[in-house]
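Got your viewer open and a selection box ready? Here is a short walk through one chain, stop by stop.

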Amino acid sequence: MSNYIYINDVGPRDGLQNQATILDPQTRIELIKRLIDAGIPGVEICSFVNPKAVPAMSGADEIVKAFESNQVCDLSVLVPNMKGYEL
């Protein structure tokens, strides 16, 4: 048995998509930076879904671009279908 636990925080994606207040991409980028600074080994940063269906996930491309040079932790995104892949 391993004594290793891997934490992958999904707050910037799953935790925000159903909230009444929609955070703009820049605020979400700041949240992700703070999670990285806190030492979280993995963060699911956004979801490539239709922004009309899930307005809280608009600007996913902007968020991904903000972390293109990240080498501190593992970043992931949710891509639920081919349309999301195309986004």
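What follows is a list of selections to make, with a note on what sits at each one. Keep in mind that this is a predicted model.

**Stop 1: the whole chain**

Start with everything shown as a cartoon. You should be able to pick out 4 helices and 3 strands, and if you trace them along the sequence the pattern reads β-α-α-β-α-β-α. The C-alpha trace spans about 45 × 25 × 25 Å along its principal axes. The radius of gyration is 13 Å, which agrees with the value near 12 Å for a compact globule of 87 residues.

Now switch on a surface. The accessible area of the protein chain is about 5,900 Å², and 53% of that belongs to carbon and sulfur atoms. As for what is tucked away, 30% of the 87 residues count as buried. If you like contact maps, here is one number to go with yours: among contacts between residues at least 6 apart in sequence, 76% join residues at least 24 apart.

**Stop 2: the largest nonpolar core**

Hide the surface and select Ile32, Ile36, Val43, Ile45, Cys46, Ile63 and Phe67. Of the 13 residues in the largest nonpolar core, these touch the most other members. Which elements give two or more residues to this core? They are α2 (25-37), β2 (42-47) and α3 (60-66). Colour α2 separately, since the largest share, 4 residues, comes from that helix. In soluble globular proteins, nonpolar side chains tend to be buried together.

Stay with Ile36 and show what surrounds this residue. Leaving aside neighbours within four places in sequence, Ile36 is in contact with Phe67, Asn70, Val72, Cys73 and Leu75.

There is also a second, separate core of 5 residues, with Val49, Val54, Ala56 and Met57 among them.

**Stop 3: Ser47**

Next, pick Ser47, which is found in strand β2. Is Ser47 buried or exposed? At 1% relative accessibility, Ser47 counts as buried. Residues up to four places away in sequence aside, Ser47 touches Arg13, Met57, Ala60, Leu78 and Pro80. Two of those names link this stop to others: Met57 belongs to the second core, and Arg13 is where we go now.

**Stop 4: the charged network around Arg13**

Select Arg13, Asp14 and Glu44 and show the side chains as sticks. Salt bridges that share partners join these three residues into one network. Side chains of opposite charge can pair when their charged atoms come close.

Take the two links one at a time:

- Arg13 to Glu44: the closest N and O atoms are 2.8 Å apart. Arg13 lies in helix α1 (residues 11-15) and Glu44 in strand β2, so this pair ties together parts that are 31 residues apart in sequence. Both Arg13 and Glu44 are buried.
- Arg13 to Asp14: this salt bridge has an N to O distance of 3.5 Å. Arg13 has a relative accessible area of 12%, whereas Asp14 is partly exposed at 38%.

**Stop 5: a salt bridge along α2**

How many salt bridges are there in total? The count comes to 3. To see another one, select Glu30 and Arg34, where the closest N and O atoms are 3.1 Å apart. The two residues sit 4 apart in helix α2, so about one helical turn separates them. Glu30 is partly exposed, with a relative accessible area of 35%, and Arg34 counts as exposed at 57%.

**Stop 6: a nonpolar patch outside**

Bring the surface back and colour Val77, Val79, Met82 and Tyr85. Together they form a nonpolar patch on the surface, with about 410 Å² of accessible area. Zoom in on Val77, which you will find in strand β3 (residues 74-78). With a relative accessible area of 32%, Val77 is partly exposed.

**Stop 7: Ile5**

Finish in the segment before β1 (8-9), where Ile5 is found. Ile5 is exposed, with a relative accessible area of 69%. Now add Ala20 and draw a distance between the C-alpha atoms. Ile5 and Ala20 are 15 residues apart along the chain, and their C-alpha atoms are separated by 32 Å.

Definitions and conventions. Residues are numbered from 1 along each chain as its sequence is written. This is a predicted model: local features need pLDDT of at least 70, side-chain atom pairs count only at pLDDT 80 or more; totals for chains, interfaces and linings use all residues. Side-chain values use heavy atoms; hydrogens and water are left out. Patches are made of residues with over 30% relative accessible area and no salt bridge: like charges are joined within 9 Å, nonpolar side chains (Val, Leu, Ile, Met, Phe, Trp, Tyr) within 5 Å. Accessible areas come from the Shrake-Rupley method with a 1.4 Å probe; for residues, only the protein chains shown count as cover. A salt bridge is a side-chain nitrogen of Lys or Arg within 4 Å of a carboxyl oxygen of Asp or Glu. Buried means under 20% relative accessible area, exposed over 50%, partly exposed in between (1.4 Å probe, protein chains only). A nonpolar core is a set of buried Ala, Val, Leu, Ile, Met, Phe, Trp, Tyr and Cys residues joined through side-chain atoms within 4.5 Å. Contact means heavy atoms within 4.5 Å. The radius of gyration is taken over C-alpha atoms; the globule rule is 2.2 Å times the number of residues to the power 0.38.
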